[in-house]
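Dear colleague,

I am passing on the structure below, together with notes on how its helices and strands are arranged. Please read the notes with the model open beside them.

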Amino acid sequence: MTTPTPDGAVSPPPGCPAHRPADRPRGVTPLFGAAVAEDPHGLYARMRAQHGPVAPIELEPGVEAWLVLGYPELLELTRNEQLFSKDSRRWRVPAEGRLKPDSRLLPMTSWRPTLLNLDGAEHQRLRAAVSETLARIDHRQLRQATETAADTLIDSWGPDGTADLIAQYARRLPLMVFTQLIGLPAAAGPHIVELISHFVDSSDKSVRANAEFQAILLDLVRQRRDRPAADLTSWLLAHQAALSDEEAVHHLVVIMVAGNETTINWTGNTLRLLLTDRRFRATLAGGRLTVSDALDEVLWRDPPTQNFPGRWATGDTVLGGQYISAGDMLVLGLAAANADPSVQTADGVSGNRAHLAWGAGKHVCPAQHPARLIVETAVETLLHRLPDLQLAVPGHELAWRPSPWSRALVSLPVLYSAFTPPRTPPSERPVWTPPSPPSDSTPSAGTSTPRTPASGRPGPRSWWSSLAGWWSGR
């Protein structure tokens, strides 16, 4: 039985096996280490079989939480702000002094004044600032910029017909676009990638990396406060939400991490699908499926963010048959929920965008449309330029980064015989710069612009060429 409380929550009965941290159900699964990287799908299936749609986990030794594996349970979790808050200050583990000062979880769970950590009206204010700033990106020009960056990177590869599509492509291309979009100097790119990787992977350098990353962005915000430019940072500061410097920095972190890291992983995972799944590659080549279909398949199978922290219970309640105590942390099992047998059909999920890769409810990711545009353009351009692309190693030898949050390949080595020349550029195409906010700059209803015969690669530009050469060590 359960006992209603005055605020409508459900209190577990005395002696409930989940009522206290010391009384967690047996079979608590560590959500760290090799198992999460090597076989997450098998891990989630075993957890579902043992515990049902909500399973007890450890995020690091002695730090417990719940992983929400069920599709309907995850929807309930993300849509009920009254019972499940985004405010991590409710988490009782640090309140009880059980989270170490140097815990690797801090960068991903610490409270910040951002749309990720707030509910209600304050969340709506900050979300409007981010989503309306992102809406000022011109999608046609973003596609052109991404295609140019992709061509430039491919042209910088050596003549031996080998490449690592993670290190030399997926990890570099989004940053070439994002650094320019927010107004960071191009030379900051590699260091920014390193810092983001440390705290997204919860590595032993994550706390230091998080602090350094925020310091870089604070300097940028102060510069743009004095000297606005046509970039996302300036637009964010100019928004009617009137963000403080601290709020602006934290939201730039959100944009860079959510946009850049997700785009990197989504690109790599889509290319892996096309290189390892003969059925999918054949149907793509035959015109029965598109790159957009491949993107959606990856969001179902291997979403770029497989787990995301989190929600915090505002009171004692029940979810998925488990008694949840006030202050408990619940992790969104995005990949596991997508694999929930209750939403899988006999003919698969092709063409279906009901996946939870972007979350759900009021906190659904606001950067998904620019991210899709960048990834789709990156994959299409690579397949056009290198039509005979193939894996350089057996598919089972590909390794994944040991992150409880990201689903990301360590490398993706490939072979190819020759470059296909870029499409002939139209002479009248202007050089791309982040646009000012004209009235017609809102993105189209779709998430991408159809390719036309005139969608070729622009002529050489010194900015892109010097950046690609610098990336390549030249």
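The notes below cover the conventions, two sheets, a helix pair and one further helix.

This is a predicted model, in which local features need pLDDT of at least 70 and side-chain atom pairs count only at pLDDT 80 or more, while totals for chains, interfaces and linings use all residues. Residues are numbered from 1 along each chain as its sequence is written, and side-chain values use heavy atoms, with hydrogens and water left out. Helices (H or I, at least four residues) and strands (E, at least two) are DSSP runs, numbered from the N terminus.

One open sheet has 6 strands in the order β3-β4-β5-β11-β8-β6, with mixed pairing; two strands count as paired if DSSP finds at least two bridges between them. Because β3 (29-30) and β6 (84-85) stand at the edges with a single partner strand each, one side of each is left without a neighbour in the sheet. Within this sheet, strand β4 (residues 54-60) and strand β5 (residues 63-68) run antiparallel and are joined by 6 bridges, with L67 of β5 as the bridge partner of A55. Helix α2 (residues 40-51) packs on the sheet, touching β3, β4 and β5, and its direction makes about 130° with that of β4. Helix α3 (residues 71-79) also packs on the sheet, where it touches β4, β5, β6, β8 (308-313) and β11 (329-332), its direction making about 120° with that of β11. Contact here means heavy atoms within 4.5 Å, and angles run from 0 to 180 degrees between N-to-C directions, with axes fitted as lines to C-alpha atoms, for helices over the stretch in contact.

A second open sheet is formed by 3 strands in the order β7-β13-β12, with antiparallel pairing. Here β7 (162-164) and β12 (390-391) are the edge strands, each with a single partner, so one side of each lacks a neighbour in the sheet. β7 pairs with strand β13 (residues 413-415) over 3 bridges, and T162 has L415 as its bridge partner in β13.

Helix α7 (residues 139-155) packs against helix α9 (residues 173-182) at an angle of about 135°, with the axes 9 Å apart. The contact is made by L142, T146, A149, A150 and L153 of α7 together with L173, M176, V177 and L181 of α9.

Finally, helix α13 (residues 245-276) has 32 residues and reaches 46 Å from its first C-alpha to its last, close to the 46 Å expected at 1.5 Å a residue, the expected span being 1.5 Å times one less than the number of residues. Of its 32 residues, 27 are buried, that is, under 20% relative accessible area with a 1.4 Å probe and protein chains only.

With best regards

Methods. Buried < 20%, exposed > 50% of the residue type's maximum accessible area, 1.4 Å probe, protein only.
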